[in-house]
Amino acid sequence: MDATHLAARTPRLDPDDAARIARTLWGVTGEVRELPSERDRNFLLETEDGRRVLKVARRGEERGLIEAQNALLHRLTGAVVRYRFPRVVPSLAGRAIETVEAGGVRHLARLVAWVPGVPLAEVGDRPAALLGDLGRLLGTVDRVLAGLEPPALDRDFYWDPAGGAALVTTHLDALPEARRAAVARRIEAVRRVVEPRGARLRRGVIHGDGNDWNVLVEPGAPAGPRVTGLLDFGDAVRSWYAAEPAIAAAYAMMGADDPVAVAALVVAGYQAEHPLTRPELEAVWPLIGLRLAMSVTIAAIQRSQRPDDAYLTVSEEEAWSLLERLEGVDPDHATERIMGAAGPGSVPALLERRRARIGPSLSVSYDRPLHIVRGWMQHLYDADGNEYLDCVNNVAHVGHAHPGVSDALSRQAALLNTNTRYLHENLLRLAEDLAGRLPDPLEVCYFVNSGSEATELALRLARAATGRRDAVVLDAAYHGNTSAAIGLSPYKFDGAGGAGAPSWVHVAPLPDPYRGRYRAPMPELGRRYAQRVAESVVEAEPRGGVAAFFAESLASCGGQVEYPEGFLTAAFTAVRAAGGVCVADEVQVGFGRVGSHFWGFETQGAVPDIVTLGKPMGNGHPLGAVVTTRAIAEAFDNGMEYFNTFGGNPVSCAVGLAVLEVIDDEALQAHAASVGDRLLAGLRELAGRYPAIGDVRGRGLFLGVELVTDPDERTPATRLAKRVVEGMRDRRILLSTDGPDANVIKIKPPLPFSAADADRVVTELDAVLRERVG
Ligand code: PMP
């Protein structure tokens, strides 16, 4: 092991030599300052074009090794955007590596761009996310470098963990006698755990020194401190991947209150970018101990050679103190915690992987996220087998994994799935069934794949039928995620990140009898709100008039609001009088959920011109529809074909038919009515006891509980609502909040939700409210 003769090989240079080299070979000038380093000499240059670092290698350093480092840097700077690495600056002669003379000896030199940031070593506050990011940085490096294996990195190198146990064993007597046993025990662990797994520990190029002086951080980043870059590839070597996070963890753990937790976070972060296998994860804990053992051993050897060089022993005492603390840690327990956090199915590892690969504009429910792996009717089960009562998933309308639906799906999927340009029974049966359940004159169907697509098509139909562009919507409404649907959704365009209503959209107030502009018991509430719709219609006149009025039949995202009597009929009359068409969005409330009726608009005695369907229609399979009148369908048929690749395919239609069949066979609409009444009564009883419950409302299994801080002012209790939902989650009841102020607890479970479930919800809600508001 070549840990010797370091002193003799260090380049003898001073800052003036460095300035001269930078000027003559790279044409850069600026103030020069020496930076600490173990083997090379590094000089920081403040040039006009920014900071540069001149790196002069020790005597005898192999050119191939420096070329290899440059190749790694080249690949990383080209492939990684999230983190920064030193970029190699070519010399005036266009060379990446130059030869320089110092004290009559030739050395290889490079100039690299400075990577901004504060060394992690200087960041005292290290939240869990930062430690995860450290692991993620190294995982990114190893993933990106995979396959790039310059032969020079397959080397005999004293920092290579694969040779570490032998190195430490050889030099054990260089250590103070009283401290040798702690080191020897780390080596025993390597012999017992790592070596037998040798063949199963994958190797590749690793950075090999993710210590906290080489990792750069932006401490004041808006979302909390984050890792920005990695320095010093001088220890890169082809070795065990498992050692990469172990090395970084060994340094990050120093001084931590709970070093095992730190290790688990670093490994989980690494796992998100470059997943380790089970035997590799089992090797991590002993490899952490090995790194510490190597660190104190190499420091002892080097100190005997260069007693005055403080950098060589930079973390020596901290390494000793951590080594001694590890004596008190049960290794099996540590490995269990690392595997628990980083194992492929654990929540932290899944979150890290999700952060790495899933668009960040999507939240995860609950402070303690759930890893749900199975569903059955109104129940969900997590990876540990815990049962949860699902009170929010109105998509799983007839129940999670209902066999009537899954069998129909798999049977048809095994037979045929194709587009709707062939004749097929399923398409026709589903269209006929839907039309049969809708009032006249709603009779022509289009099948789509989501509620958003249904909204999008409904807008096109309305525009085609009217020759106009504008739309009127209700405040706080949500109609979908496409460009046009977002334009129709005040919930989004007036919310975070929104840009306000587009010019073609006019917003009328949400007819909310509890907290809206007009409130019960004011007489003629429905008519008053409809009058506001009429005013929005007038607003559209100068722009050519209104094409469509979009309204959910009961408002969901708006806060589970049931409109005052007469609202929809009066609003529809006003819209039609002005030449517009009326769209009822039944994506959330249709298919019997409201109990008293099959469709939400029927509760108002209204008949729309276009209906949009989605969520429950496929019980989780992507299936939606638009149903309209013959006249509108004909106006839309202007020569341009409406083709939808997946919409209405035989599998989707088989699913749609199965859902309708289950609703009928299991009498789910009547069930929703009776269980909903029982739940409403229970919730109203709670409202009588807790002033924080301002309103309880809804129909069937579409209910809302509005929380307020002041019952007279009806001030939204947004924080309380969140705490209640989290408290219920801890009691394994899944709810969520909605409404423009996120203070309405929404209840819309799969319809098999039983009377006993209703009682369970009331009992637990009582307990949570008692804890929260006394
Ligand atoms: N309309 C309403 C009322 C909705 O609640 C939603 C979805 N939350 C949509 C339309 C859009 O449906 P999807 O997410 O299936 O595109």
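The chain has a mean pLDDT of 94, with 98% of its residues at 70 or more; pLDDT is the predictor's confidence in each residue, from 0 to 100. This is a predicted model, in which local features need pLDDT of at least 70 and side-chain atom pairs count only at pLDDT 80 or more, while totals for chains, interfaces and linings use all residues. Residues are numbered from 1 along each chain as its sequence is written, and side-chain values use heavy atoms, with hydrogens and water left out. Here is a friendly tour, from confidence to the ligand, a small sheet, the salt bridges and two individual residues.

**Confidence**

- Residues 1–6 are a stretch to treat separately, since pLDDT stays under 50 there.
- For residues 1–6 the model has 18 contacts beyond four places in sequence, where contact means heavy atoms within 4.5 Å.

**Around the ligand**

- The residues surrounding the ligand are S450, G451, S452, Y478, H479, G480, E552, D585, V587, Q588 and K615, a residue being near a molecule or strand if one of its heavy atoms lies within 4 Å of it.
- On the oxygen side of the ligand's chemistry, S452 has a polar side-chain atom 2.4 Å from a ligand oxygen atom.
- Q588 likewise places a polar side-chain atom 2.7 Å from an oxygen atom of the ligand.
- For D585, an N or O atom in the side chain is 2.7 Å from a nitrogen atom of the ligand.

**A three-stranded sheet**

- Strands in the order β7-β9-β10 make up an open sheet with antiparallel pairing; helices (H or I, at least four residues) and strands (E, at least two) are DSSP runs, numbered from the N terminus.
- β7 and β10 stand at the edges with a single partner strand each, so one side of each has no neighbour in the sheet.
- Strands β9 (residues 215–218) and β10 run antiparallel and are joined by four bridges; two strands pair if DSSP finds at least two bridges between them.
- Within this pairing, V217 is opposite V227 in β10, and V215 has L230 of β10 as its bridge partner.
- β10 (residues 226–230) is mostly covered, with four of its five residues buried; buried means under 20% relative accessible area, exposed over 50% and partly exposed in between (1.4 Å probe, protein chains only).

**Salt bridges**

- The structure contains 48 salt bridges, each a side-chain nitrogen of Lys or Arg within 4 Å of a carboxyl oxygen of Asp or Glu.
- D212 and R126 form one of them, with their closest N and O atoms 3.3 Å apart. This pair links distant parts of the chain, 86 residues apart: D212 is in the loop between β8 (203–206) and β9, and R126 is in the loop between β7 (118–119) and α4 (128–145). D212 counts as buried, at 12% relative accessibility.
- R143 and E273 meet through their side chains in a salt bridge of 2.7 Å, N to O. R143 lies in helix α4 and E273 in helix α8 (residues 259–273), so the pair ties together parts that are 130 residues apart in sequence. R143 is partly exposed at 33% relative accessibility, whereas E273 is buried at 5%.
- R731 forms a salt bridge with E764, the closest N and O atoms lying 2.7 Å apart. R731 is in the loop between α23 (718–730) and β25 (733–734) and E764 is in helix α24 (residues 755–773), so this pair ties together parts 33 residues apart in sequence. R731 is partly exposed, with a relative accessible area of 27%.
- R515, D695, R697, E706 and D741 are joined into one network by salt bridges that share partners.

**Two residues up close**

- A319 belongs to helix α10 (residues 316–326) and counts as buried, at 0% relative accessibility.
- Apart from neighbours within four places in sequence, A319 is in contact with M254, L292, S295 and V296.
- Between A319 and D133, 186 residues apart along the chain, the C-alpha atoms are separated by 22 Å.
- H506 sits in strand β17 (residues 505–508) and is buried, with a relative accessible area of 4%.
- The side chains of H506 and E539 make a polar contact at 2.9 Å; a polar contact is a pair of N or O atoms within 3.5 Å, where within protein one must be able to donate a hydrogen and the other to accept it, and residues adjacent in sequence count only if both atoms are side-chain atoms.
- Not counting residues up to four places away in sequence, H506 touches D470, A471, V472, V473, S536, E539, A540 and R543.
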